[in-house]
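Visitor: I should like to learn how to read the features of a structural model in an orderly way. Where should one begin?

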Amino acid sequence: MLQTPSGGAGHGTAATDSGLMSIGTVLNVLRDEFPEVTISKIRFLESEGLIEPQRTPSGYRKFSNRDVERLGHVLRMQRDHYLPLKVIREHLDAMERGEAVALPTVGRQRDGETVLEVSEGPTAARIGRAELLAAAEIGETELVEWESYGLITPLPDGAYDAEAVTVAALVVELGRFGIEPRHLRAMKAAADREAGLVDQVVAPLKRHRNPQTRAHAQARAKELAGLTVKLHAALVQTALGVRLP
């Protein structure tokens, strides 16, 4: 269960007397469990209708404890169950209506349609090209360009990992600051090197005959990935001489 602060003490910018929190405070709360989350990610989830924070007369976002709790559910379902945002939104909305619904996971593609299944464990998500274009709100030309730079890569069956939606959203967000996809090739190369290092560490566990040991490899890979993300963020902040909220 995601823990939210009472009054926001100790989490950067304090919450208001009404119990509402700024986006910077929410980011600090979430990062305890989701070190990879960013302000851009939170804004993107808002744009996708996953949360509806209040706005001050000046236009600043103010988040309630319920908003933060819902954000935690969204991020957890993305991380642990690899679900597209549309499926997550429908699932959470059904829960809030008091409906008893089983947690779906995205399985295979059938005739170009996403097939939802009920599963007790994580299953790698597969989304179609049209679904990716719609979720990222981009055109075919942009996607082809991003693929040429290796920022997004289709799976062998022509579909995409659900994480491609997050990558696409961040590429769009960076583009608003004048950072073009071709500028991101260095980031992609660095990410590939980091992934290779993690894979090298867990490779012996993956090859083990014991199923529990192989399952432990996945957990270890997630842990190492989280640490590399934290280190990468810290190194960038140090190089820029800035501190992220």
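Guide: Let us begin with burial. A residue is called buried when its relative accessible area is under 20%, exposed when that value is over 50%, and partly exposed in between. The model shown here is predicted, and buried residues make up 36% of its 245 residues.

Visitor: How many helices and strands are there in the protein, and in what pattern do they follow along the sequence?

Guide: The protein has nine helices and four strands. Along the sequence, the pattern reads α-α-β-β-α-α-β-β-α-α-α-α-α. Contacts add a further view: among those with a separation of 6 or more, 48% join residues 24 or more positions apart.

Visitor: What is the mean pLDDT of the protein?

Guide: The pLDDT expresses the predictor's confidence in each residue, from 0 to 100. For this protein the mean is 77, and 80% of the residues reach 70 or more. Over residues 1-17, however, the pLDDT is below 50, and in the model this stretch has 32 contacts beyond near neighbours in sequence. Residues 105-124 also stay under 50, with 46 contacts beyond four places in sequence.

Visitor: Let us turn to charged side chains. How many salt bridges does the structure hold?

Guide: As a general idea, side chains of opposite charge can pair when their charged atoms come close. The cut-off applied here places a side-chain nitrogen of Lys or Arg within 4 Å of a carboxyl oxygen of Asp or Glu. The structure holds 11 salt bridges. One of them joins the side chains of Glu 33 and Arg 76, with N to O at 2.9 Å. Glu 33 lies in the loop between helix 1 (23-31) and helix 2 (39-47), whereas Arg 76 belongs to helix 3 (residues 65-81), so this pair ties together parts that are 43 residues apart in sequence.

Visitor: Are Glu 33 and Arg 76 buried or partly exposed?

Guide: Glu 33 has a relative accessibility of 27% and therefore counts as partly exposed. Arg 76 has a relative accessible area of 17%, so Arg 76 is buried.

Visitor: Which salt bridge lies within helix 8?

Guide: Consider Lys 188 and Asp 192, whose side chains meet at 2.8 Å, N to O. Both residues lie in helix 8 (residues 185-206), four residues apart, which is about one turn of the helix. Lys 188 is partly exposed at 25% relative accessibility, and Asp 192 is partly exposed as well, at 43%.

Visitor: Which residues are linked in a network of salt bridges?

Guide: Glu 46, Arg 55 and Arg 61 are linked in such a network. Within it, Arg 55 forms a salt bridge with Glu 46, their closest N and O atoms being 3.3 Å apart. Glu 46 counts as buried because its relative accessibility is 18%, while Arg 55, at 44%, counts as partly exposed.

Visitor: Finally, how should one read the surface, and which residues make a nonpolar patch there?

Guide: One may start with the total and then look for local groups. The protein exposes about 14,400 Å², of which carbon and sulfur atoms supply 55%. Val 236, Leu 240 and Val 242 make a nonpolar surface patch of about 260 Å². Of these residues, Val 236 lies in helix 9 (residues 211-240) and is partly exposed, with a relative accessible area of 36%.

Conventions: Residues are numbered from 1 along each chain as its sequence is written. Side-chain values use heavy atoms; hydrogens and water are left out. Helices (H or I, at least four residues) and strands (E, at least two) are DSSP runs, numbered from the N terminus. Buried means under 20% relative accessible area, exposed over 50%, partly exposed in between (1.4 Å probe, protein chains only). Contact means heavy atoms within 4.5 Å. Accessible areas come from the Shrake-Rupley method with a 1.4 Å probe; for residues, only the protein chains shown count as cover. Patches are made of residues with over 30% relative accessible area and no salt bridge: like charges are joined within 9 Å, nonpolar side chains (Val, Leu, Ile, Met, Phe, Trp, Tyr) within 5 Å.
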